[in-house]
Amino acid sequence: MRLAAILLAFAASTYAASPTVTYTRSFPGSTPDYICISIDRAGALTYSETLHDTQPLRTQLPAPDTASLFDLAAKLDYFHTPLESGLKVANMGKKTFRYDDGSGAPASEASFNYSIHESAQTLQARFEQIAATEHAYFDLDRTAHFDKLGVNDALAEIEALWLHKQLVAPLQFIPLLTRISTHETYMHLVRDRAARLKDEFTAPAPPPAGPTGSSQP
């Protein structure tokens, strides 16, 4: 009996994984030509640019962003229904949404080249923003280690995403920006830019705007 209880407990723990939404895009000739992003319900995010990446980039997605992705997955029936439009459009790469509910049941997924479903387009756009952010992180990390002359361009890419409100989870950049801004091997211009971005990423969010106009008594 005790052995059976242990086995049942082990089985329960095996299937107690958090629900996960995954997005992959395979498009030979693009940069990068493959991406895979997985996010669990707690916001733990992994990002890869190779099919069998043993050391993916890991970060934490803010709770509101995580909830939004899972809400969109729910609107799409967790990818149980086809998303391909069937329209004759140019090849834009194979995209796949996948949902694993963490119970051990088979995951559901839907692949498409182009979808006319508004929620699918929104979900794809948000995953592509995540991909652009994590690719920028990869680039900054690489240049900081191996190409100090390229760091300013990498910072400019991050700043452009920030200014266009397309940078996801900016706090993940703080350790890199801190190292660059305080290390004298980098140009003064680069250190200043890194310090400024760090300050912007850690600044308190502005209070929500109040109602416009007011009535006088």
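Visitor: What relative accessible area does Arg196 have?
Guide: In this predicted model, Arg196 counts as partly exposed. That class lies between the limits of 20% and 50%. The value for Arg196 is 35%.

Visitor: Which residue in helix α4 meets Arg196 in a salt bridge?
Guide: The side chain of Arg196 has a salt-bridge partner at 2.7 Å, N to O. Arg196 lies in helix α6 (residues 188-202) and its partner in helix α4 (residues 151-163), so the pair ties together parts that are 37 residues apart in sequence. The partner counts as buried, because its relative accessibility of 11% is under 20%. This residue is Glu159.

Visitor: Why are Arg196 and Glu200 separated by about one helical turn?
Guide: These two side chains also meet in a salt bridge, at 3.6 Å from N to O. Glu200 is partly exposed, with 29% relative accessibility. The separation is about one helical turn because, within helix α6, the positions of Arg196 and Glu200 differ by four residues.

Visitor: Which residues do salt bridges that share partners join into one network?
Guide: Arg196 forms salt bridges with Glu159 and with Glu200. Arg196 is therefore a partner shared by two bridges, and the network takes in Arg193 as well. Its members are Glu159, Arg193, Arg196 and Glu200.

Visitor: How many salt bridges does a search of the whole structure find?
Guide: The pairs described above, Arg196 with Glu159 and Arg196 with Glu200, are among them. Another joins Arg25 to Glu128. The search of the whole structure finds six.

Visitor: How many residues apart are Arg25 and Glu128?
Guide: The closest N and O atoms of this salt bridge are 2.7 Å apart. Arg25 is buried at 11% relative accessibility, whereas Glu128 is partly exposed at 22%. Arg25 belongs to strand β1 (residues 20-26) and Glu128 to helix α3, so the pair links distant parts of the chain, and the separation is 103 residues.

Visitor: Is Ser119 buried or exposed?
Guide: Ser119 is found in helix α3, residues 118-146. Leaving aside residues up to four places away in sequence, Ser119 touches Leu72, Lys75 and Leu76. Its relative accessible area is 13%, and the limit is 20%, so Ser119 is buried.

Visitor: Which residue stands opposite Ile39 in β3?
Guide: Strand β2 (residues 34-40) pairs with strand β3 (residues 44-48) in the antiparallel sense, over four bridges. Three residues lie between the strands of this hairpin, where Gly43 takes a positive phi near 95°. Opposite Ile39 stands Leu45.

Visitor: What is the bridge partner of Thr46 in β4?
Guide: β3 also pairs with strand β4 (residues 57-60), in the antiparallel sense and over four bridges. In β4, the partner of Thr46 is Arg58.

Visitor: What accessible area does the nonpolar patch on the surface have?
Guide: The patch is formed by Leu87, Val89, Met92 and Ile116. Leu87 sits in the loop between α2 (63-75) and β5 (94-100). Together the four residues have about 350 Å².

Visitor: In what order do the elements of the protein run from the N terminus on?
Guide: The protein has six helices and six strands. Of its 217 residues, 37% count as buried. The order of the elements is α-β-β-β-β-α-β-β-α-α-α-α.

Technical notes. Residues are numbered from 1 along each chain as its sequence is written. This is a predicted model: local features need pLDDT of at least 70, side-chain atom pairs count only at pLDDT 80 or more; totals for chains, interfaces and linings use all residues. Side-chain values use heavy atoms; hydrogens and water are left out. Helices (H or I, at least four residues) and strands (E, at least two) are DSSP runs, numbered from the N terminus. Buried means under 20% relative accessible area, exposed over 50%, partly exposed in between (1.4 Å probe, protein chains only). Patches are made of residues with over 30% relative accessible area and no salt bridge: like charges are joined within 9 Å, nonpolar side chains (Val, Leu, Ile, Met, Phe, Trp, Tyr) within 5 Å. Accessible areas come from the Shrake-Rupley method with a 1.4 Å probe; for residues, only the protein chains shown count as cover. Two strands pair if DSSP finds at least two bridges between them. Contact means heavy atoms within 4.5 Å.
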